[in-house]
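Trainee: I should like to learn how the features of a protein model are read. May we go through one together?

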Amino acid sequence: MSTNTAYSPNAYRANAVLTASHGQQIVMLYDGARRFLYQSAAAMAGHETVTAHNKLARAEAILRHLRDTLNPDQGELADRLSSIYTFSLNHLRLGRIEQDPQRLDDVNDLLGKLRDSWAAVAGDD
């Protein structure tokens with residue numbers, strides 16, 4: 001039985017990203033970051049250092065992307081989001097150093113609030 005790559009989960013995800021609005025893409029990024037933070041915190045609590053590090057690195061990459069692609073023309077909104085992303089990255093760095101999954105959970109909760117706000121704006125709530 002041959003597999004048609006047009007119907008694979010990866011093809012579906014790629015199509016979902018390509019057809020999503022800007023707001024929907026941001027929601028997807030938050031969802032990804034939150035998933036990686038959850039996985040990292042669970043691995044950290046289970047003393048699975050390598051897995052915790054790798055999942056945390058992926059969440060951090062998403063946060064850096066969100067921060068680095070802010071539109072400075074958005075003024076105060078961009079400044080506030082940049083501050084939140086920078087705070088979050090610093091908090092995650094401390095979580096990694098201290099091996100404290102609660103710090104990851106704190107950022108996950110914060111991102112959940114931002115995600116819900118973006119979802120409401122994008123009409124995905």
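**Reading a predicted model**

Mentor: Let us begin with a single residue of this predicted model: asparagine 108 is placed in helix H5.

Trainee: Is asparagine 108 buried or exposed?

Mentor: Asparagine 108 counts as buried, because its relative accessibility is 8%, and buried means under 20%. Leaving aside residues up to four places away in sequence, asparagine 108 touches Arg34, Leu37 and Tyr38.

Trainee: Which residues does leucine 37 touch, not counting residues up to four places away in sequence?

Mentor: With that exclusion, leucine 37 is in contact with Leu56, Ala59, Leu92, Leu104, Val107, Asn108 and Leu111.

Trainee: Which residues have the most contacts inside the largest nonpolar core?

Mentor: They are Tyr30, Leu37, Leu63 and Leu111, in a core of 22 residues. Two or more residues of this core come from each of H2, H3, H4 and helix H5 (101–122). H2 gives the most, with eight residues.

Trainee: Let us turn to empty space. How is such space found?

Mentor: A probe the size of a water molecule is rolled over the atoms, and this shows where empty space is left. In this model, the largest pocket holds about 400 Å³ of space. Its lining consists of 21 residues, and those nearest the centre of the pocket are His22, Ile26, Leu66, Thr69 and Trp118.

Trainee: Which helices each supply at least two residues of that lining?

Mentor: Helix H2 (22–45), helix H3 (49–68) and helix H4 (76–98) each do so. H2 gives the most to the lining of the largest pocket, namely eight residues. Sorted by class, the lining has 13 nonpolar, seven polar and one charged residues.

Trainee: How should I read paired charges?

Mentor: Side chains of opposite charge can pair when their charged atoms come close. The count for this model is six salt bridges. One of them joins arginine 115 to aspartate 31, with the closest N and O atoms 2.7 Å apart. Arginine 115 belongs to helix H5 and aspartate 31 to helix H2, so this pair ties together parts that are 84 residues apart in sequence.

Trainee: Are arginine 115 and aspartate 31 buried or exposed?

Mentor: Arginine 115 counts as buried at 19% relative accessibility, while aspartate 31 counts as partly exposed at 30%. Arginine 115 also meets aspartate 116 in a salt bridge, at 3.9 Å from N to O. Aspartate 116 is partly exposed, with a relative accessible area of 49%. Asp31, Arg115 and Asp116 are thus linked in a network of salt bridges.

Trainee: Which residue forms a salt bridge with glutamate 76?

Mentor: The partner is arginine 80, and the closest N and O atoms are 2.5 Å apart. Both residues lie in helix H4, four residues apart, which is about one turn of the helix. Arginine 80 counts as exposed, at 54% relative accessibility.

Trainee: What is usual for the backbone angle phi?

Mentor: Most residues other than glycine have a negative phi. Histidine 47, which is not a glycine, has a positive phi of about 60 degrees. This residue is in the loop between H2 and H3, and histidine 47 counts as exposed at 72% relative accessibility.

Trainee: Where is glutamine 99 found, and what is its phi?

Mentor: Glutamine 99 is in the loop between H4 and H5, and its phi is positive, near 50 degrees. With a relative accessible area of 37%, glutamine 99 is partly exposed.

Notes: Residues are numbered from 1 along each chain as its sequence is written. This is a predicted model: local features need pLDDT of at least 70, side-chain atom pairs count only at pLDDT 80 or more; totals for chains, interfaces and linings use all residues. Side-chain values use heavy atoms; hydrogens and water are left out. On a 1 Å grid over the protein atoms alone, a cavity is a set of points where a 1.4 Å probe fits but cannot get out, and a pocket is an open set with protein on both sides within 12 Å along at least five of seven lines; lining residues have an atom within 4 Å of a point. Grid points are joined across faces, edges and corners, and a volume is the space filled by probe spheres set on the points. Ala, Val, Leu, Ile, Met, Phe, Trp, Tyr, Cys and Pro count as nonpolar, Asp, Glu, Lys and Arg as charged, and the others, Gly among them, as polar. A nonpolar core is a set of buried Ala, Val, Leu, Ile, Met, Phe, Trp, Tyr and Cys residues joined through side-chain atoms within 4.5 Å. Buried means under 20% relative accessible area, exposed over 50%, partly exposed in between (1.4 Å probe, protein chains only). Contact means heavy atoms within 4.5 Å. A salt bridge is a side-chain nitrogen of Lys or Arg within 4 Å of a carboxyl oxygen of Asp or Glu.
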